Amino acid sequence: MFSYRHAFHAGNHADVLKHTVLIATLQYLTEKDAALTVLDTHAGAGLYRLDGDYASTSAEAADGIARLVAPGTPALQPALQAYVDMVRAFNQGAATRVYPGSPFIMQRLLRDHDKLKLFELHPTDLRALAGNVAQLEAGRQVAVLHEDGFEGLKKFLPPPARRALVLCDPSYEMKNDYGKVLDMAADSLKRFATGTYAFWYPIIPRPEAHDLPRRLKTLATKAGKSWLHATLTVKSSKMGETASGEAKRPGLPASGMFLINPPFTLKAALKDALPQMAELLAQDRNATHTLESGG
Ligand SMILES: C[S@@+](CC[C@H](N)C(=O)[O-])C[C@H]1O[C@@H](n2cnc3c(N)ncnc32)[C@H](O)[C@@H]1O
């Protein structure tokens, strides 16, 4: 079984990128009245306590969401402000104690006639997710599925109203997750070519991670679909040193979001938000961003 627990990472720089893109995308997709199906193939626990044992173990949120809500933060670009507003909506008062994962961000943006399907395999996260979702009293709008998201997605495509957003956010703990993402993207485009697909991936020194966006780009281009690729780097990927001179792992230095059939408004929104994200979340002089699109 996997050892990855998203609670250790909730609210870190990768979540800032992923959830900012998710919110901007869903805001656009919910502008039209027609019903939308939203599918989260790797849902996690749904809600995280930033003052709980897990998050404070790594305190990754301190270099993520916490920097954006700190007193004295400059005026934020609209997409980043929408993200901060979303996180604030789950908290009372000034302190940020609760962090919403993708399922809760999605649910908050849906209308009554939209549907949300959440896949989670890990028993602990599944229990937490099911408990958190039950408190929403959202009835049949939200389904929690104890299934492999890569496989389970298939039965929901195409969705009844022919409008869908799929977020695919694996932990990439296992090397074959990269291949599964590509297979899922190819299969999903065959089943439902007009869906919006959003893939998160880590930018780490590993060939599979490097190849993934390149291969997604090729896939989208061959299928004649538009795509958008955004990355955020907060620090160097080189090994660091502790005060006593021992080698220190750098932690995740960067990540990317790759979208197929993105909203046409997304690039402009990120063009403003990404440089500010890189500036505010920088951990060293290597902080930067990229944004490209095609199709
Ligand atoms: C990066 S976390 C998800 C975070 C979440 N999407 C968010 O943004 O708040 C990945 C989750 O996928 C779960 N998982 C791993 N493999 C899976 C699979 N094949 N199908 C469904 N869930 C899986 C892990 O247990 C973990 O909770």
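How far is an oxygen atom of the ligand from an N or O atom in the side chain of aspartate 125? The gap is 3.2 Å, and the first view starts there. A quick note before the close-ups: this is a predicted model, in which local features need pLDDT of at least 70 and side-chain atom pairs count only at pLDDT 80 or more, while totals for chains, interfaces and linings use all residues. Numbering runs from 1 along each chain as its sequence is written, and side-chain values use heavy atoms, with hydrogens and water left out.

**View 1. Residues around the ligand.**
The ligand has 21 residues around it, and His19, His42, Ser102, Glu120 and Asp169 come nearest (near means a heavy atom within 4 Å of the molecule). Besides Asp125, look for lysine 18, whose side chain puts a polar atom 3.0 Å from a ligand oxygen. Leucine 121 joins in through its backbone: a polar atom there sits 3.3 Å from a ligand nitrogen. These are polar contacts, meaning pairs of N or O atoms within 3.5 Å; within protein, one must be able to donate a hydrogen and the other to accept it, and residues adjacent in sequence count only if both atoms are side-chain atoms.

**View 2. The annotated binding site and the largest pocket.**
An unreviewed UniProt entry marks His19, His42, Ser102, Glu120, Asp148, Gly149 and Asp169 as "binding site"; such annotations may be inferred rather than shown by experiment. The lining of the largest pocket includes every one of those residues (a pocket is an open set of points on a 1 Å grid over the protein atoms alone, with protein on both sides within 12 Å along at least five of seven lines; lining residues have an atom within 4 Å of a point).

**View 3. Asp169 and its partners.**
The unreviewed UniProt entry lists Asp169 as "active site". You'll find aspartate 169 in the loop between strand 6 (164–168) and helix 8 (176–191) (helices, H or I with at least four residues, and strands, E with at least two, are DSSP runs numbered from the N terminus). Its relative accessibility is 13%, so aspartate 169 counts as buried (under 20% relative accessible area; exposed is over 50%, partly exposed in between, with a 1.4 Å probe and protein chains only). The side chains of aspartate 169 and lysine 18 make a polar contact of 2.7 Å. Setting aside neighbours within four places in sequence, aspartate 169 is in contact with Lys18, Thr41, His42 and Trp200 (contact means heavy atoms within 4.5 Å).

**View 4. His42 and Glu120, two loop residues.**
Histidine 42 sits in the loop between strand 1 (37–40) and strand 2 (47–49), while glutamate 120 is in the loop between strand 4 (115–119) and helix 6 (123–136). Not counting residues up to four places away in sequence, histidine 42 touches Glu120 and Asp169, among others. Glutamate 120 is buried because its relative accessibility is 10%. A polar atom of the glutamate 120 side chain lies 2.9 Å from the backbone nitrogen of histidine 122.

**View 5. The largest nonpolar core.**
This core has 86 residues, and Leu26, Ile65, Tyr83 and Phe199 have the most contacts inside it (a core is a set of buried Ala, Val, Leu, Ile, Met, Phe, Trp, Tyr and Cys residues joined through side-chain atoms within 4.5 Å). Helix 1 (residues 13–29) contributes the most, with nine residues. Tyrosine 83, leaving out neighbours within four places in sequence, contacts residues including His19, Ile23 and Ile65.

How values were computed:
1 Å grid on protein atoms, 1.4 Å probe; cavity = no way out; pocket = protein on both sides within 12 Å on 5 of 7 lines; lining within 4 Å.
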